Amino acid sequence: MLNMPCVIFAGGKSSRMGEDKSLLPFGSFNTLTEFQLFRLHKIFKNVYISCKDKSKFNFQADFIEDIKTSSTYAPTAGFVAIFEHLRCDRFFVLSVDTPFVGKIEIEQLINADKFDNDATTARTQSGIQPMCGIYHRSMNEKFHQMLKEDNHKLGLLLKNSKTLFVDFEDEKPFLNLNHPHEYKEALAHLSTI
């Protein structure tokens with residue numbers, strides 16, 4: 001069990017999916033969020049769920065609600081709330097819609113992380129994966145500034161910070177459920193593992 005806190009980001013708008021993907025059924029679970037919570041609790045001692053409003057979930061968990069802002073559904077407000085809530089030096093983040101990032105990928109990121117980094121995130125041939133990695137407290141002020149400026153470009157933030165990008169050859173674990181066809185693909189993949 002890993003001591004580093006893990007935060008599942010489940011507060012997105014899901015506009016491309018057409019419905020809230022964090023609430024979609026997945027495997028034997030009522031929601032994708034519960035699926036992620038269950039499997040990540042096998043890897044991390046403490047798992048939290050970052051969201052806009054915890055009342056949309058009908059199960060018990062450690063929720064961290066975004067700070068209230070008129071801003072978009074970007075994760076910036078979530079990061080600010082997490083830094084306020086957890087008070088730790090670093091934490092692991094994973095988007096709710098990447099259900100196949102497993103222990104192997106997570107341990108590879110954690111083993112590569114250095115304490116003087118601002119962040120350590122996954123990178124595949126299709127690009128950087130800002131919602132799969134480790135963020136350090138040194139990023140706290142940058143997230144506050146981004147929120148103040150209504151700037152939510154995580155990729156740009158990572159490129160302009162001391163970020164270690166860990167390269168992964170295999171794209172499959174990073175399958176992201178943005179569209180209905182990707183959700184169907186994920187369900188089919190789940191039934192084969």
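## Two cores and an enclosed helix

The largest nonpolar core in this predicted model has 40 residues, and those with the most contacts inside it are Phe-26, Leu-40, Phe-44, Phe-92 and Ile-106. Seven stretches of regular structure, listed here, each put in at least two residues:

| Element | Residues |
|---|---|
| Strand E1 | 6–9 |
| Helix H1 | 32–40 |
| Strand E2 | 47–51 |
| Strand E4 | 90–95 |
| Helix H3 | 103–112 |
| Strand E6 | 127–136 |
| Helix H6 | 180–190 |

Take Ile-106 as a way in: leaving aside residues up to four places away in sequence, Ile-106 touches Leu-2, Leu-40, Ile-43, Phe-44, Phe-92 and Val-101. There's also a second, separate core of 25 residues, with Ala-77, Phe-79, Phe-143 and Phe-165 among them.

Now for H1. Since 8 of its 9 residues are buried, the rest of the structure largely encloses this helix. The buried set isn't just greasy side chains: it includes Thr-33, Glu-34, Gln-36 and Arg-39 along with Leu-32 and Phe-35. Packing against the buried residues of H1 are E1, E2, E4, H3 and H6.

Zooming out, the chain has 6 helices and 7 strands, running β-α-β-β-α-β-α-β-β-α-α-β-α from the N terminus. Its radius of gyration is 16 Å, which agrees with the value near 16 Å for a compact globule of 193 residues. Buried residues account for 54% of the chain. If you look at contacts between residues at least 6 apart in sequence, 66% link residues at least 24 apart. As for the surface, about 9,700 Å² is exposed, with carbon and sulfur atoms supplying 50% of it. Charges come to 23 positive and 24 negative side chains, and the centres of these two sets sit 2 Å apart.

Conventions:
Residues numbered from 1 in each chain as written. Predicted model: local features only at pLDDT ≥ 70, side-chain atom pairs only at ≥ 80, totals over all residues. Heavy atoms only, no water. Core = buried A, V, L, I, M, F, W, Y, C linked by side-chain atoms within 4.5 Å. Buried < 20%, exposed > 50% of the residue type's maximum accessible area, 1.4 Å probe, protein only. Helix = DSSP H or I, 4+ residues; strand = E, 2+ residues; numbered from the N terminus. Contact = heavy atoms within 4.5 Å. Rg over C-alpha atoms; globule rule 2.2 N^0.38 Å. Areas by Shrake-Rupley, 256 points an atom, 1.4 Å probe, with all protein chains shown as cover. Lys, Arg positive; Asp, Glu negative; His and termini not counted. Charge placed at Lys NZ, Arg CZ, Asp CG, Glu CD.
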